[in-house]
Amino acid sequence: VKTRRGKMSSVKTFGVIGLHWDHPMVPDNMREVVQSGCEMMVRELPKIGIETELLLSPVVPDMTQADVEDLLTKHKKDAYLIGGGIRMFPVCLLLLEMFVNTIRKIHPDAVIVFNASLEHDELIKTAKRAFPHTQ
């Protein structure tokens, strides 16, 4: 990542796109797990040089293309994690496509990753896949 002066910075930026743990589509029994995973990424990933921002709201199935473009334009990142809440609900399929296609369009060098679970080790591994040279 280049700084304003053109020098290389070791800090990577990571955007987590998903449903907020209080979103009505998140099952009651998953709210605490989602919250814990999100908070852990924000707390722990900077320790390995990955600044993490949660882009969890207002992710809803009726977001428009303009909403997605606005969100991603305001939050340019080196990589994005698209969470399971968007991937696993059929009602969010078009939203998933909009996120992937919009990232490719306006941030073509950004990496897109997906997590397999909300276990803390899995979330760390997912972030490291986005930045293979991270310790």
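Let me begin at the C-terminal end of the element list, with helix H5, residues 120-130, whose buried residues are Glu 122, Leu 123, Ile 124, Thr 126, Ala 127 and Ala 130. I should say at once that what we have on the screen is a predicted model, so please keep that in mind as we go through it. When we ask what those buried residues of H5 pack against, we find S1, H1, strand S2 (50-55), S3 and strand S4 (111-113).

With that helix in place, let us step back to the chain as a whole. There are five helices and four strands, and, if you follow them from the N terminus on, the elements run β-α-β-α-β-α-α-β-α. The chain has 135 residues, of which 40% count as buried. If you take the contacts with a separation of 6 or more, 71% of them are accounted for by residues 24 or more positions apart. As for the outside, the accessible surface of the chain comes to about 7,800 Å², and 55% of that belongs to carbon and sulfur atoms.

Now for the interior. The largest nonpolar core has 24 residues, and the ones with the most contacts inside it are Ile 17, Ile 82, Ile 86, Phe 99 and Ile 103. Which elements give two or more residues to this core? They are helix H1 (31-44), helix H2 (65-74), strand S3 (79-82) and helix H4 (93-106), and it is H4 that supplies the largest share, with five residues. Besides this core there is a second, separate one of 14 residues, which includes Met 41, Leu 45, Ala 79 and Leu 123; you will remember Leu 123 as one of the buried residues of H5.

Let me stay a moment with Ile 103, which, leaving aside residues up to four places away in sequence, touches Ile 17, Leu 72, Tyr 80, Ile 82, Pro 108, Ala 110 and Ile 112.

Finally, we come to the empty space. Rolling a probe the size of a water molecule over the atoms shows where such space is left. In this model the largest pocket holds about 340 Å³ of space, and strand S1 (12-17), H1 and helix H3 (84-88) are the elements that give two or more residues to its lining. The lining is made up of 23 residues, and Val 34, Gly 83, Gly 84, Gly 85 and Leu 118 lie nearest the centre of the pocket. H3 gives the largest share of that lining, four residues. Sorted by character, the lining residues divide into 16 nonpolar, six polar and one charged.

Notes: Residues numbered from 1 in each chain as written. Predicted model: local features only at pLDDT ≥ 70, side-chain atom pairs only at ≥ 80, totals over all residues. Heavy atoms only, no water. Core = buried A, V, L, I, M, F, W, Y, C linked by side-chain atoms within 4.5 Å. Buried < 20%, exposed > 50% of the residue type's maximum accessible area, 1.4 Å probe, protein only. Contact = heavy atoms within 4.5 Å. 1 Å grid on protein atoms, 1.4 Å probe; cavity = no way out; pocket = protein on both sides within 12 Å on 5 of 7 lines; lining within 4 Å. Points joined across faces, edges and corners; volume = space filled by probe spheres on them. Nonpolar A, V, L, I, M, F, W, Y, C, P; charged D, E, K, R; others polar. Areas by Shrake-Rupley, 256 points an atom, 1.4 Å probe, with all protein chains shown as cover.
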